[in-house]
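Me: I've got a model open and I'd like to go through its helix packing with you. Could you tell me how each label is earned, value against cut-off?

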Amino acid sequence: MTPDQLLTAPATALQDTVLPALRGAVAGLPSYVPGRRGAGLDIAALASNESHYEPLPAAAAAVAEAAGTMNRYPDSAAVELRERLSRHLGVASGEVAVGPGSVGVLQQIITGLCDAGDEVMFAWRSFEAYPILVELAGARPVRIPLDEAEGHDLDAMASAVTDRTKVILLCTPNNPTGVPISHGRIEAFLQSVRPDILVVIDEAYVEYAEAGSGPDSLALYRQYPNVCILRTFSKAYGLAGLRVGYAVAAPAIAEGLRRTALPFAVSALAQKAAVASLDAVEEMEARVSAVRLERARMAAQLEAQGWKLQPSQGNFLWIRADDSLRARLVDAFDAAGILVRAYQGDGVRITVADPASNNRVLRLLAAHTA
């Protein structure tokens, strides 16, 4: 058929048309399910772990200034941002790679290290994009069930390593359960893992974690060259809409990640906003502190109501629920105009936001105890 004929052909004719075939890995790939959206003053959007604060003033000003140059391509090497991150973290700029959010950098990692049939291991349940990115690369996802405390079972992960294991993903605090992995546990795990396996410490929510609850990832990176740190500006820094994340890795690996990056993937606006955000330390820390206080207040009240929670170190709380309870909770939240993230067979994740929204959550859960 010609293009014009395709546009006017009935659906039955289109079904019989031979088209280029998608790769098998793509045709069978599950779609990433983002947090639901809603509009209106009465909607509490607590499904995507976004910051409920408006952008930091310095970041907004940087974006407004950079908007005048949007007719030009961004710096594909992100030199200014990488140099600012190097000072912020105490590493060399050659050890930093950036991408469109930490998920974009993770795709660079998997693309750069994995051939077809290689294995990428991660806890489950964890970040929904992990298996999608792995399968898209033609690699094999290896899911290791969480332990009884909703955290990583590092002993089981170590036992599951094979000759095909190329990358291990450690999400701390874990999304969606909020449980961190302690420094000592990760260090012991690294001692048991072959040095040719890249161990990615995914710290998308690290700014929300209490000091000492998780690893000193930079110290581990300096001691173990096969460690890669993955972070984002989407959460605590409030730049989810601009898409910018980064990795810290050994220079040769970081260079490989830069080579696998889509050219010009991080916009000039995102780069300028990220630099400005790193300079707004006090204001960002004040916002994070407020979220921690709300998280603790909500957890205490929910436990008093009878809900059993694991201590969360992210900007969210996790309620373990079977499908019957999960469905009842989601229906109740929907009816109340509160959007939360539900995981079939596992539970419900609720973003910690402003006190008024959090109070709505507390009132609803008080009437629907497990």
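Reply: Sure. Keep in mind that this is a predicted model. A good place to begin is helix 4, residues 57-66, where A59, A62 and A66 are buried.

Me: What puts A59, A62 and A66 on the same side of helix 4?

Reply: The arc does: they cover only 60 degrees around the axis, so they sit on the same side of helix 4. The general background is that an α-helix has 3.6 residues a turn, so residues three or four places apart point the same way.

Me: Which exposed residues are on the face turned away from that buried side?

Reply: That face of helix 4 carries A64 and E65.

Me: And what do the buried residues of helix 4 pack against?

Reply: Helix 12, which spans 268-279.

Me: Why is helix 4 called roughly antiparallel to helix 12?

Reply: Look at the angle. The two axes cross at roughly 150 degrees and come within 8 Å. Angles over 145 degrees count as roughly antiparallel, so helix 4 gets that label relative to helix 12. As for hand, the crossing of helix 4 and helix 12 is right-handed.

Me: Which residues meet there?

Reply: From helix 4 you have A58, A59, A62, V63 and A66, and from helix 12 there are L269, K272, A273, A276 and S277. Sorted by class, this contact has 8 nonpolar, 1 polar and 1 charged residues.

Me: Let me zoom in on K272 in helix 12. Why is K272 called partly exposed?

Reply: Buried needs a relative accessible area under 20% and exposed needs over 50%. K272 has 38%, so partly exposed is the right label.

Me: What does K272 touch, leaving aside its neighbours within four places in sequence?

Reply: K272 is in contact with A62, A66 and E80. For a sense of scale, K272 and L329 are 57 residues apart in sequence, and their C-alpha atoms are 41 Å apart.

Me: L329 brings me to another pair, helix 14 and helix 15. What makes helix 14 oblique to helix 15?

Reply: Helix 14 (residues 323-335) packs on helix 15 (residues 355-366) at about 130 degrees, with the axes 11 Å apart. Roughly antiparallel takes over 145 degrees, and roughly perpendicular runs from 65 to 115. The angle falls in neither range, and that makes helix 14 oblique to helix 15. The crossing is right-handed here.

Me: What is that contact made of?

Reply: L329, A332 and F333 of helix 14, and V361, L364 and L365 of helix 15. By class, you get 6 nonpolar, no polar and no charged residues.

Me: How do you know that A332 is buried?

Reply: The cut-off for buried is under 20%. A332 comes in at 12%, so A332 counts as buried. Leaving aside neighbours within four places in sequence, A332 is in contact with L364 and H368. P251, by comparison, is 81 residues from A332 along the chain, with 50 Å between the C-alpha atoms.

Me: One pair left. At what angle do helix 6 and helix 7 pack?

Reply: About 35 degrees for helix 6 (residues 101-113) and helix 7 (residues 129-136), with axes 10 Å apart. Their crossing is right-handed. V103, L106, Q107 and I110 in helix 6 meet A129, Y130, L133, V134 and L136 in helix 7. The class split is 8 nonpolar, 1 polar and no charged.

Terms used:
Residues are numbered from 1 along each chain as its sequence is written. This is a predicted model: local features need pLDDT of at least 70, side-chain atom pairs count only at pLDDT 80 or more; totals for chains, interfaces and linings use all residues. Side-chain values use heavy atoms; hydrogens and water are left out. Buried means under 20% relative accessible area, exposed over 50%, partly exposed in between (1.4 Å probe, protein chains only). Helices (H or I, at least four residues) and strands (E, at least two) are DSSP runs, numbered from the N terminus. The arc is that of the directions from the helix axis to the C-beta atoms. Contact means heavy atoms within 4.5 Å. Axes are lines fitted to C-alpha atoms, for helices over the stretch in contact, and angles run from 0 to 180 degrees between N-to-C directions. Angles under 35 degrees count as roughly parallel, over 145 as roughly antiparallel, 65 to 115 as roughly perpendicular and the rest as oblique. A crossing is left-handed if the near helix is turned anticlockwise from the far one by less than a right angle, and right-handed if clockwise. Ala, Val, Leu, Ile, Met, Phe, Trp, Tyr, Cys and Pro count as nonpolar, Asp, Glu, Lys and Arg as charged, and the others, Gly among them, as polar.
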